[in-house]
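I opened this model to look up a few things and keep short notes. The entries follow the order in which I checked them.

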2 protein chains.
Amino acid sequence: MSEEIIELSERKKLILKAIIDSHIQNGEPVGSKYLSENKQIACSSATIRNEMAELEASGFLEQPHSSAGRVPSEKGYRFYVDSLMQQYSMTSTEIAELNKILASKHTEADGILESATKVMSVMTNYTGLTVRPKPTGVVVTRFDTMYVDDLCFALIMLTSTGEIKTKKIRSGFVLEMNDVKRIGEALNATLTNVDPDNINVPIMLELERRLDGLELLANPLVKIVYDLLRQGDGSELKYEGVNRLLEYPEFSDTEKLKHLLQAFDNKSGLLDVVSSAVGDDTNIIIGSENPLNEMNDSSLIFKTIRVGGKPVGAIGIVGPRRMDYARVCAVVKYIAESLERSMDGNMLSPPDNK
Amino acid sequence: MSEEIIELSERKKLILKAIIDSHIQNGEPVGSKYLSENKQIACSSATIRNEMAELEASGFLEQPHSSAGRVPSEKGYRFYVDSLMQQYSMTSTEIAELNKILASKHTEADGILESATKVMSVMTNYTGLTVRPKPTGVVVTRFDTMYVDDLCFALIMLTSTGEIKTKKIRSGFVLEMNDVKRIGEALNATLTNVDPDNINVPIMLELERRLDGLELLANPLVKIVYDLLRQGDGSELKYEGVNRLLEYPEFSDTEKLKHLLQAFDNKSGLLDVVSSAVGDDTNIIIGSENPLNEMNDSSLIFKTIRVGGKPVGAIGIVGPRRMDYARVCAVVKYIAESLERSMDGNMLSPPDNK
DNA sequence: TTTAGCACTCAAGTATTCCGAGTGCTAATA
DNA sequence: TATTAGCACTCGGAATACTTGAGTGCTAAA
């Protein structure tokens, strides 16, 4: 219950760090003999054994079975992440590579998030994920319409989040170019800056009045506007590179892998987890710290992406509990920041290559 | 080499079908004794054994090892699919359920494909996939622009495939509402119906002339138009419900699963496979019929989706080789056809519930 | 406080045995 | 000639026992 605060001696910290670093690399329990070869730890394996026993007693280590080496516990990882892990700084090659890939992808907000996720996945060799929160309180700031043909026109909406949403609409009857223009004007006059939940009878009546002659369209139009604002992009969570996880022995247990894949499918659950993490720093969720039981065997690192102060989504990495926290944090942070810089709308002038 | 055409006796067909049906259901080799319990096959296990031996000799069956039952070979599945399988007709409950889900998703083309894929995956309990081909020969038929703020405007393009693409553009300098309008006019006058690869110097000059005072924008604008037309939506292939495959013992072999997941990541490869299948009927690719080696242990069923005669994508199912071809075919076909009906642009009037 | 030494533990790999579902073949039967 | 009962045979998979060695905890000496 009450977490006893334990001060670890420098040597203990050194040993704990060495164990975690080693275990992150090869996934196997770490033994005292191996550690004694480490130049930094200047004592015999017997001493290390004693230290390890104490570290286990205070909950930082675990023993898979009585004659095996030690493995970090979740508490161990947490301590490592909070105070042991040394900041990983990406090599200039890595940075250059990242910049190249990010620069080549000048597509829509949606696309750029996805390709960034892919890059993250490749660079870290874990699974990358993208989250786009369900929009709330979003209103339309401007409507536009576009004549397509006799029976078809396009509705274009600029939302308060700065996104543009479009929808092709086929009407049941012939529309003149002028009609289409009028539809746009009517919408602009009645539905801008209106929360879709607050569309009431007076507004509807006004819309119908302005649509004079095209009243039939009023109801369906409102419905479409509502849907476009509410439904976001349909799927709010995407992941890339699940296959990478198969390389880690912890997921060769099919059951564990299944759990994880189920978590990926349970999009709303994962969405909640990400949304509820408010801090705009990098979030690290280790094993069972994750309220989603399916993800209790893996760790999650992500960072919210804000444009103009408002969160527009998040990107992150899912990997085994023993993932390379230092490196992943650095990569996620770097990519998230690059994205923030470039998502705000794309400069016409080439991006400043600092 | 030269495929000998073998006429199978009715009884052989019956036995083959029974074996495949059974194997599809429980994934295990089928023995003669089990088959002899089948009322339709009115003969002893010994006779069945003889028949099975012959079916194996002609390549329709295989024996995992000499003292096991028989398992369908790829040739067996092919024959089953081509001439044995009885058409599965969906129950009215299934149809009603499908309609409900499809109707509730009135989002963009992109979104509707994805949710349809999800539905397919849930209904069949295999992995669903969506493919959107790389656009070729697409041109812009109409441009529009929308003023966002001083420094930002939106570019809206109606393409020859009837899709609408948008892009928010932040300029390096202040733009009046009128400037934005002029940009649209300039683009409409110069770049409509021009293949992005054929944008040449005269066109560029004309664009610059018309942008009079905003020449700086000419080059970046062209680049953006080019990108939007070329890059499609970034990711052309999506899948849903990979975890479902883990339920099938054939994929508890991690290696096989890995292969398959790699195939999913090798988007361009899978894209080629789907694109090269021209027939607009349902395509069935069994095991090693698939040129993608990674998918030689699984089967793929998909159907191209055409809108106005032009293919706009495809949806399909990936599952183990022993997948329930009859049912999957029916579901894929039904969903594809529903999509074709509803993707062509959404009626304002409620869809005709036949 | 540290370390050398030693007895002990236990997972994982290897060898061996056993079981039975399912076969192919032969000889009897319809 | 086609079918069937009967029987010996095969071979993967489960169960069991045996071996190995990495790693431990503990004790006693430095």
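The notes below cover a DNA strand, a helix, the cavities and the cysteines.

**Entry: DNA strand D**

I am working with a predicted model. I began with the protein around DNA strand D and found 20 residues surrounding it. The closest are Ser32(A) and Arg70(A) from chain A, and Thr47(B), Ser66(B) and Ser67(B) from chain B. Of the atoms of DNA strand D that come within 4 Å of the protein, sugar and phosphate account for 78%.

I then sorted the surrounding surface by class and got 12 polar, four charged and four nonpolar residues. Next I asked which helices supply at least two residues each to the surface near DNA strand D. They are helix 3 (45-57) of chain A and helix 3 (45-57) of chain B. Helix 3 of chain B gives the most, with four residues.

**Entry: polar contacts to DNA strand D**

I looked up individual atom pairs here. An N or O atom in the side chain of Arg70(A) is 2.7 Å from a phosphate oxygen of DNA strand D. For Arg11(B), a polar side-chain atom lies 2.9 Å from a phosphate oxygen of the strand. Ser67(B) goes to a base instead: an N or O atom of its side chain is 3.2 Å from a base oxygen of DNA strand D.

**Entry: helix 4 of chain B**

I checked which residues of this helix, residues 74-84, are buried. The list is Glu74(B), Gly76(B), Tyr77(B), Phe79(B), Tyr80(B), Val81(B) and Leu84(B). At the start of the helix, I noted that a side-chain oxygen of Ser73(B) comes within 3.3 Å of the backbone nitrogen of Lys75(B).

**Entry: cavities**

I counted three cavities of 30 Å³ or more. The largest has a volume of about 270 Å³. Its lining consists of 19 residues, and those nearest the centre are Lys238(A), Tyr239(A), Leu237(B), Lys238(B) and Tyr239(B). Strand 7 (237-240) of chain A, strand 7 (237-240) of chain B and helix 6 (109-124) of chain B are the elements that give two or more residues to this lining. By class, I have 10 charged, five polar and four nonpolar residues in the lining of the largest cavity.

**Entry: cysteines**

I searched the whole structure for disulfides and found zero over all chains. I also asked whether two cysteines of chain B are buried or exposed. Cys152(B) has a relative accessible area of 1%, so it is buried. Cys329(B) also counts as buried, because its relative accessibility is 12% and the cut-off is under 20%.

Terms used. Residues are numbered from 1 along each chain as its sequence is written. Chains are lettered from A and ligands numbered from 1 in the order in which they are written. This is a predicted model: local features need pLDDT of at least 70, side-chain atom pairs count only at pLDDT 80 or more; totals for chains, interfaces and linings use all residues. Side-chain values use heavy atoms; hydrogens and water are left out. A residue is near a molecule or strand if one of its heavy atoms lies within 4 Å of it. A polar contact is a pair of N or O atoms within 3.5 Å; within protein, one must be able to donate a hydrogen and the other to accept it, and residues adjacent in sequence count only if both atoms are side-chain atoms. Ala, Val, Leu, Ile, Met, Phe, Trp, Tyr, Cys and Pro count as nonpolar, Asp, Glu, Lys and Arg as charged, and the others, Gly among them, as polar. Buried means under 20% relative accessible area, exposed over 50%, partly exposed in between (1.4 Å probe, protein chains only). On a 1 Å grid over the protein atoms alone, a cavity is a set of points where a 1.4 Å probe fits but cannot get out, and a pocket is an open set with protein on both sides within 12 Å along at least five of seven lines; lining residues have an atom within 4 Å of a point. Grid points are joined across faces, edges and corners, and a volume is the space filled by probe spheres set on the points. A disulfide is a pair of cysteine sulfur atoms within 2.5 Å.
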